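Biologist: Can you walk me through the surface patches on this one? Keep it quick.
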Amino acid sequence: MSSVLDVVLSSAFLAAVLRVATPYLLAAMGGLVAERAGISNIALEGQMLSAACTGALVAGYSGSVAAGAFAGVAVAVLLGLLLAALRLELGADAIIAGIGLNLLASGGTAYAVFTLLDDKGGTSGLNSGTLPTITLPGIEHIPVVGEVLSGQNMVTWLAFLAAPFVAWLFYRTRFGFHLRAVGEMPDAASSVGIAVRRVQYAGLALSGALAGLAGVFLSMGYVSFFVRDMTAGRGFIALAAVFLGGLRPWGVFLAALGFGAAEALAVQLGTLDVPPQLVSTIPYAMTLVALALYAWRRKRRGMGEVAPTSV
Amino acid sequence: MTTSPPATLIESEDRREYKATRRRGLAVDLSMTLATILAALAIGFLVMLATGKDPIAAYEALLTGPLERSFRVGRWLEDATTLTLLGLSVAIPFRARQISLGAESQLYAGALAAATVAIFLPLPPVAAVIVPLVAAAAAGAGMGFVPGSMKARLGANEIVATLMLNAIVVRVYDYLVNGPLKEPGSSAVHSERIQPDSALTPLTEWLGIPFGRANVGFLLMLLTAVALWLLITRTPLGYRIRMTGSNVHFAEYGGIRVPRAIEWSFVIGGAVAGLAGAHLVQGVYGRLEPGLAGSLAFEGIVVALLARNNPLVVVVAGLFYSYLRAGGDIMEQQTDVGTEIVVVIQAVIVLLVTAQALPDLLKRRLARRQADPSRKQSGAAHGEAGAR
C-alpha cells in the first residue's frame with residue numbers, strides 16, 4: 001500500500017494526471033456547452049477523432065504544426081455545425097445523428113489515412129511534429145509545483161483554462177445567458193427575442209472547437225502521429241463527466257479531472273502487479289453509482305420523471 | 001373483456017381503409033429504405049471518385065464479391081448472425097423509445113458466461129449447447145436490467161448508464177481473458193477452447209457446402225427474430241412496450257405500468273445481445289478472444305435504425321449490412337479502396353435515416369416548384385382556379 005502512496009504522491013504522477021486529464025477536460029467542457037444549449041453532443045468522440053487525424057495529416061503535409069492544429073479544430077467545428085443542422089433543420093434525433101457522425105469519423109479517418117499513406121494503422125510514417133510546451137519562467141525552480149507544471153503542453157494549459165472560461169461564459173456573458181435560456185426553454189427564449197437557432201449553432205460550434213482541441217492534443221500533444229481510433233472512447237467518458245458533474249462547469253471540471261486521475265493511476269499501478277484493467281473500471285463504476293444516487297435524490301425530491309428519453 | 005359485436009358495414013370499411021393505409025405505409029417505408037441505401041452508395045461512389053479511386057471496380061468487388069465462393073457466403077452468414085442479433089437487441093428498447101447503447105456490455109457478458117460454462121462445466125451432449133446459450137442470455141439480460149431499472153425506477157439517464165457499463169464490462173472481460181481465463185501455457189492471449197460438444201454445429205456439416213464458420217446460430221437468429229416480432233406485435237408485453245414508446249402519457253393513462261415496460265425492454269434486449277456473444281464464442285471463435293466484437297455493437301444500432309425497429313425487417317437490414325461488410329473486405333483485397341468506405345456508407349445511411357424531416361423537405365420543395373409557375377402570374381392563376 002505504501003508503494004501505491006509513493007506513486008500517487010510523486011510529482012511525476014501529478015504531472016501525468018494533468019496530461020491524461022487534458023482531453024477529458026476539453027471534451028467534457030465541449031459536451032457541457034452543447035448540453036446546456038439543448039442539443040446532446042454524443043459526437044464528441046467523432047469530433048476528437050477527426051480533429052486528431054486532420055491535425056496530424058495537415059501538419060505532416062504542410063510542415064506547420066499550427067496549420068495542423070487549426071485545421072483539426074476547424075473540422076471538429078464543422079462537425080458540430082453539421083450536428084446542429086441535422087437536429088435543427090432536418091429534425092434528426094441528436095443522439096442517433098451523433099452516432100452517425102461518430103461512425104463517419106471512424107470510417108472517414110481510417111479511409112483517409114489508408115488512401116493517403118497506404119497504412120492501416122495510422123500516420124506514424126508522417127513526421128507531423130507536436131504542439132509546443134509552455135514553461136512559465138521561474139516556475140520550474142519551485143520544488144513540486146515546478147516539476148508538475150513545467151514542460152506541460154500548451155493544450156494542457158488551455159484545458160485547465162477551459163473550465164473558468166466556460167463558467168465565465170455561462171454566468172457572466174450575454175451569450176451565456178442566452179445559451180442557457182435556449183437550452184432550458186427554447187420557446188420562452190424565443191418569445192423574448194433570442195435567436196434560438198443562431199445561439200444553438202454557436203453553442204455547437206464552440207462545443208466542437210473544444211472537442212477538436214482535445215483531439216488535436218491526442219495526435220499532436222505528446223505523440224506526433226495519429227493512430228486509428230485513438231480516441232478509444234474518451235469522448236463517451238467525457239460525456240459521462242458532463243452528467244456526473246451535474247451540468248455545471250466546476251462540477252464537470254472535477255469529474256473530468258477525476259477520470260483523468262483514475263486513468264493515470266491505472267497506468268501507474270500496472271507496474272505494481274495490480275490488474276490495471278480492474279483499477280481502470282473504478283471511475284466508471286463510481287459514475288454509475290453516482291448517477292443512480294443523483295437520480296434517486298431527484299426522484300425523492302419529486303423532480304424525477306420517468307419518461308422515455310426526449311427525442 | 002366484452003365480446004366484440006358483429007362488424008357493421010362502416011366498421012369493415014374502416015378496417016379495409018386502415019389496412020390499405022398500413023400497406024401504403026409499408027410501401028413508403030420500404031421505398032424510403034431503398035432510396036436511403038442508394039443515396040448512401042452514391043455518396044460512397046463520389047467519395048471514391050474524389051479520392052482518385054476506380055469506384056466501378058470497387059463496387060463490383062463490393063457487390064458481387066461475397067457471393068463468388070461458398071466460404072465467402074459463409075463469412076457473410078456468420079457476420080449477419082451476430083449483427084442481426086445485435087440489431088434486434090437494440091430494436092426492442094428503441095421500441096419503448098429508450099436509447100440503449102449497452103449492446104457491447106451485454107454481448108461481452110454473454111460471451112463470458114457462455115465460455116465459462118462451455119469450457120468448465122461438463123454437460124451431456126445437447127445440454128452442452130443449450131446451457132451456455134441460456135447462461136449467455138441470462139448474463140446479457142442482467143446487464144440490460146441494471147441500466148433498465150436505473151432508468152425505469154430512478155429516471156437515471158440510460159445513455160450514460162449503458163456507456164459506463166460498457167466501459168466496465170469490456171475492461172473486466174479484458175482482465176479475465178488476460179488473467180484468470182487465459183489458456184495456461186499459451187503465449188497467445190485467449191481462453192481455452194470450449195468443449196467440442198458445446199460448439200454450434202457448422203452449416204457445412206449439415207449442408208455439405210463449405211460455409212466456413214457459419215453455423216446453426218444463423219437459424220437460431222432467425223427464430224429469435226420471429227419470436228421477438230411475435231412478442232412485439234402479438235403479446236400484451238409487446239403492446240405495453242409499443243405504447244410506452246409511442247406515447248408515454250397515454251400509456252400511463254391507459255393503466256400501463258411504464259417503468260415495468262421499460263425495464264422489460266432492456267432485459268429482453270440484453271438477453272438477445274447476450275446470445276450474440278454466445279454465438280461468437282460457441283459458433284465463430286470457439287473460445288474467448290480479446291476484442292471479440294470489434295465495433296459490432298454500435299453497428300447493431302445502424303441495423304435497427306435502418307429496419308425502423310421492426311424485428312423481421314432487422315433480419316433483412318442485418319443481412320444487407322453484413323453483406324456490405326463482407327464485400328468491403330473483398331473490395332480491399334481486390335482493389336486499392338479501403339474497407340473503411342463501408343463504414344462511411346453506413347454512417348451516411350444513419351444520417352439519412354435520422355433526418356426525419358428530409359422527405360417532408362423534399363415534398364415541400366417539390367410542391368413549391370409545382371406551385372411556382374402559377375404564383376408568377378398570380379392574378380390569372382387565381383382566376384383560372386376560380387373558374388375551375
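Modeller: What follows covers charged and nonpolar patches on chain B.
Modeller: This is a predicted model, where local features need pLDDT of at least 70, side-chain atom pairs count only at pLDDT 80 or more, and totals for chains, interfaces and linings use all residues. Residues are numbered from 1 along each chain as its sequence is written, chains are lettered from A and ligands numbered from 1 in the order written, and side-chain values use heavy atoms, without hydrogens and water.

Biologist: Which residues form the negative surface patch?
Modeller: B:Glu11, B:Glu13, B:Asp14 and B:Glu17. Patch residues have over 30% relative accessible area (Shrake-Rupley, 1.4 Å probe) and no salt bridge (Lys or Arg side-chain nitrogen within 4 Å of an Asp or Glu carboxyl oxygen). Like charges are joined within 9 Å, nonpolar side chains within 5 Å.

Biologist: Where is B:Glu13?
Modeller: In helix H1 of chain B, residues 9-50. Helices are DSSP runs of H or I, at least four residues.

Biologist: What about positive charge?
Modeller: B:Arg15, B:Lys19, B:Arg22, B:Arg23 and B:Arg234 make a positive surface patch. H1(B) gives the most, with 4 residues.

Biologist: Is B:Arg23 buried or exposed?
Modeller: Exposed, at 58% relative accessible area. Buried means under 20%, exposed over 50%, partly exposed in between. B:Glu13 is partly exposed at 44%.

Biologist: Switching topic. Which residues make the nonpolar patch?
Modeller: B:Trp206, B:Leu207, B:Ile209, B:Leu219 and B:Leu222, about 460 Å². Helices H7 (203-207) and H8 (217-234) of chain B each give two or more residues.

Biologist: And where does B:Ile209 lie?
Modeller: In the loop between H7 and H8 of chain B. B:Ile209 is partly exposed, at 36% relative accessibility.

How values were computed. Lys, Arg positive; Asp, Glu negative; His and termini not counted. Charge placed at Lys NZ, Arg CZ, Asp CG, Glu CD. Buried < 20%, exposed > 50% of the residue type's maximum accessible area, 1.4 Å probe, protein only.
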